[in-house]
Each structure stands twice: as C-alpha cells, then as structure tokens.
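Got your viewer open? Let's take a short walk, one selection at a time.

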Amino acid sequence: MINVKIEKENAKYKKITILGHAMYDDYGKDIVCAAVSSIVTTTVNGILALNKNSLSYMISKKGLSIDVKNTDETTQILIGNMVSLLKELEVNYPENIEVK
C-alpha cells in the first residue's frame, strides 16, 4: 500500500511523505503507482518552475519526502490540488493508497 502523510502547520502544508508500493499490479503495470507518480511529479515540477526555492524533495528507495518551504498562495494551492487528487485516488483504490 502507498501511504501518504500530510503535515500542516498553521493550516499551511509543510511536509508530504509518500512511502510504499500500491501492489495493484506488477511493477511497471501498476496504474495506481503510475497515477501517484504522475500527480506528484507534475505538481513538484510545476511548483519548481515557478520558484525553485518553494520546496525541496528527497527520493529514497522507500519513497519520497517533500518539504514545502514557501507558504505563498500559489504553492499552497498547487500542493492542495495534489493532495485532493491523491485523496480522490484513495476513494477509488482504498486497498492500494491511504492519505492521512
């Protein structure tokens, strides 16, 4: 299962941690993992294109950690959109992804 942990401070997104594998299908065929990767990569790249200092991220064998450094409205809206999309995916695939 993919576990997404959302951390906020003063109602602002501060950190998102994404760990695990969806186990929906074999590696390379897993549509849930592909969807999560696409949602997160598009969001991170979009934010960094607007302001390279808005966030930092670390990729490991276990997953991905995103530190949100900028609390400006645009960054927060884009992160919020990413979280909404991940939660929508959770509704459709509750056995494969959990957002908390």
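Helices (H or I, at least four residues) and strands (E, at least two) are DSSP runs, numbered from the N terminus. This is a predicted model, where local features need pLDDT of at least 70, side-chain atom pairs count only at pLDDT 80 or more, and totals for chains, interfaces and linings use all residues. Residues are numbered from 1 along each chain as its sequence is written, and side-chain values use heavy atoms, with hydrogens and water left out.

**Stop 1: two loop residues.** Select Asn10, which sits in the loop between E1 and E2. Its phi is near 55 degrees, a positive value in a residue other than glycine. Most residues other than glycine have a negative phi. Asn10 is exposed, with a relative accessible area of 70%; exposed means over 50%, buried under 20%, and partly exposed in between, using a 1.4 Å probe and protein chains only. Now jump to Met23, in the loop between E2 and H1. Here phi is near 60 degrees, again positive in a residue that isn't glycine, and Met23 is exposed at 60% relative accessible area.

**Stop 2: Ile18.** Go to strand E2 and pick Ile18. Is Ile18 buried or exposed? It is buried, with a relative accessible area of 9%. Beyond neighbours within four places in sequence, Ile18 is in contact (heavy atoms within 4.5 Å) with residues including Ile2, Val36, Val40 and Leu64. Try Asn3 as well: Ile18 and Asn3 are 15 residues apart in sequence, and 5.7 Å apart from C-alpha to C-alpha.

**Stop 3: the largest pocket.** Keep Ile18 selected and add Ser37, Val40, Gly63 and Leu64; of the 18 lining residues, these five lie nearest the centre of the largest pocket. A pocket is an open set of points on a 1 Å grid over the protein atoms alone, where a 1.4 Å probe fits, with protein on both sides within 12 Å along at least five of seven lines; lining residues have an atom within 4 Å of a point. Which element gives the largest share of the lining? That's H1, with seven residues.

**Stop 4: helix H2.** Finally, select residues 73-92, helix H2. Its 20 residues should span 28 Å at 1.5 Å a residue (1.5 Å times one less than the number of residues), and the end C-alpha atoms are 29 Å apart, which agrees. Buried residues in H2 include Ile79, Met82, Val83 and Leu86. Among the elements covering the buried residues of H2 are E1, H1 and E5.
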